[in-house]
Amino acid sequence: MPFEDYNILLPPWMDTHETHAKYNIAETCVASISLDDLRGLSEDSSSEIWSSSTKLTYGTIRGSEKLRTNLADRYSAKKPFQAHNILITPGAISANMTIFYGLIGKGDHVICHYPTYQQLYEIPKRLGAEVDYWRADEMKKWQLDIEELKGLIRPNTKMIIINNPHNPSGAVIPKATLDSLIEVAEEHDLIIMADEVYRPIFHSISPGSPDFPPSILSLGYAKTIATGSLSKAYSLAGIRVGWIASRSSEIIEACAQARDYTTISVSQLDDQIAAYALDNNCIHSLLSRNIQLAKRNLEILDSFVESHRWACEWVKPVAGTTAFVKFSNMGAPVNDVAFCGKLMEETSVMLVPGSRCFGEGKDFKGFVRFGFCCETEVLEEGLEKMRLYMKKGYRTVPLADEEGA
Ligand SMILES: Cc1ncc(COP(=O)(O)O)c(C=O)c1O
């Protein structure tokens, strides 16, 4: 199908506004860091991240042993995970793409969590699969209903795709739902693919909670795949390193074949930076910085939402870096595209309109996605500008379905 037949939603909005927004409070990465910052976070600041005398070969094709071992350790809490069951990719976006390209085609049926990152359902469609949405319900704290999933399964269903923690709502799929999901998948011999790019930013749920979601790889079913990256939770989007992990060697080999046509290897420099960040000397302080930042910033956003209850409501996020907030006027949802456009134009505050970027124009009218894990000062100043706008300009924002976008 030609590209113009597809309505790509979020990337053009981000591209148009993010380079000149003064207050980007839409970004999904935890505030990015530099190599100097990374070295400063390491307990072993004397160790080199990269030796400039190293020859710049392709490196290890599937990703360096060091990086894959560091990652395998992250999945070994319950049962050892092997480094050879991991493939390194240029970001999670490429990890997701590789999985779909390797495993999904015409004639397959796929069930995808909705709303979510558009790539997760759009690429399977482009590859010729039939896609059904498994809708997270705003009225039920963005939870997924297993009975609804059962009703979506067809004889040709091949894969169930989830995003946990969830972009845009910041909800998590709780352990009990994951257990039931595994049962259903096992019964029908389906692959579960979990985009876990926002793990482990758990700012409002503790590992001791019965709802705390383990990685999909820890639940005892082999036909599961997790993707992740250094971009969001580890503040290193600029190195473009992500991964595919599965306990099934068959799945990994199918993805490796697909990857041979698209990737060869990731940059050796990027691989080494990622390995350094995920090393035991560094990962704990990096995650501690990021979870603290997420907690602090969420409280700031919470106080904004609480003081504007007359205009907005939300299901307060539990994990990840995003929040999905619904804005209305006298009970009717506002035109979120016009609202975000006006905010950008008049205050240089950047947000993401939910109906345009997550709902194909039909769903999520009035919703706005915040990415609240930016530098705290940016969030504070951005929300201050928004406060002024809410007093003066908000009443001029048209309602959903009115003109003004
Ligand atoms: C759910 C989800 N998956 C994957 C990605 C891609 O991230 P990256 O390629 O930087 O790892 C994003 C980016 O916003 C995302 O939100």
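In the predicted model, Lys141 is located in the loop that runs between strand E4 (130–135) and helix H6 (146–152). The backbone of Lys141 has a phi near 55°, a positive value in a residue other than glycine. Most residues other than glycine have a negative phi, and most peptide bonds are trans.

Two cis peptide bonds are also described here, each preceding a proline. One joins Asn167 and Pro168, with an omega of about 20°. Pro168 belongs to the loop between strand E5 (157–163) and helix H7 (175–188). The other leads from Arg199 to Pro200, where omega is near -10°. Pro200 is placed in the loop between strand E6 (191–195) and strand E7 (224–229).

Asn167, the residue on the N-terminal side of the cis bond to Pro168, also takes part in ligand binding geometry: a polar atom of the Asn167 side chain lies 2.9 Å from an oxygen atom of the ligand. Two further polar pairs involve ligand oxygen atoms. In one, an N or O atom in the side chain of Lys232 is 2.7 Å from a ligand oxygen; in the other, the partner is a polar backbone atom of Ile93, at 3.0 Å. The ligand taken alone exposes 400 Å², of which the protein buries 93%.

The shell around the ligand comprises 15 residues, and those that come nearest are Asp195, Tyr198, Ser229, Ser231 and Lys232. By class, this shell is made up of seven polar, five nonpolar and three charged residues. Helix H4 (residues 91–103) supplies four residues, the largest share of the shell. The space that the ligand takes is the largest pocket.

With regard to the chain as a whole, the unreviewed UniProt entry carries the annotation "domain: Aminotransferase class I/classII large", which covers residues 51–385. Over residues 51–385, helix accounts for 38% of the chain and strand for 18%. The C-alpha atoms at the two ends of this range are 45 Å apart.

Notes:
Residues are numbered from 1 along each chain as its sequence is written. This is a predicted model: local features need pLDDT of at least 70, side-chain atom pairs count only at pLDDT 80 or more; totals for chains, interfaces and linings use all residues. Side-chain values use heavy atoms; hydrogens and water are left out. A residue is near a molecule or strand if one of its heavy atoms lies within 4 Å of it. A polar contact is a pair of N or O atoms within 3.5 Å; within protein, one must be able to donate a hydrogen and the other to accept it, and residues adjacent in sequence count only if both atoms are side-chain atoms. Accessible areas come from the Shrake-Rupley method with a 1.4 Å probe; for residues, only the protein chains shown count as cover. On a 1 Å grid over the protein atoms alone, a cavity is a set of points where a 1.4 Å probe fits but cannot get out, and a pocket is an open set with protein on both sides within 12 Å along at least five of seven lines; lining residues have an atom within 4 Å of a point. A molecule sits in a cavity or pocket if more than half of its atoms lie within 2 Å of its grid points. Ala, Val, Leu, Ile, Met, Phe, Trp, Tyr, Cys and Pro count as nonpolar, Asp, Glu, Lys and Arg as charged, and the others, Gly among them, as polar. UniProt positions are given in the numbering used here, feature names are shortened, and annotations may be inferred rather than shown by experiment.
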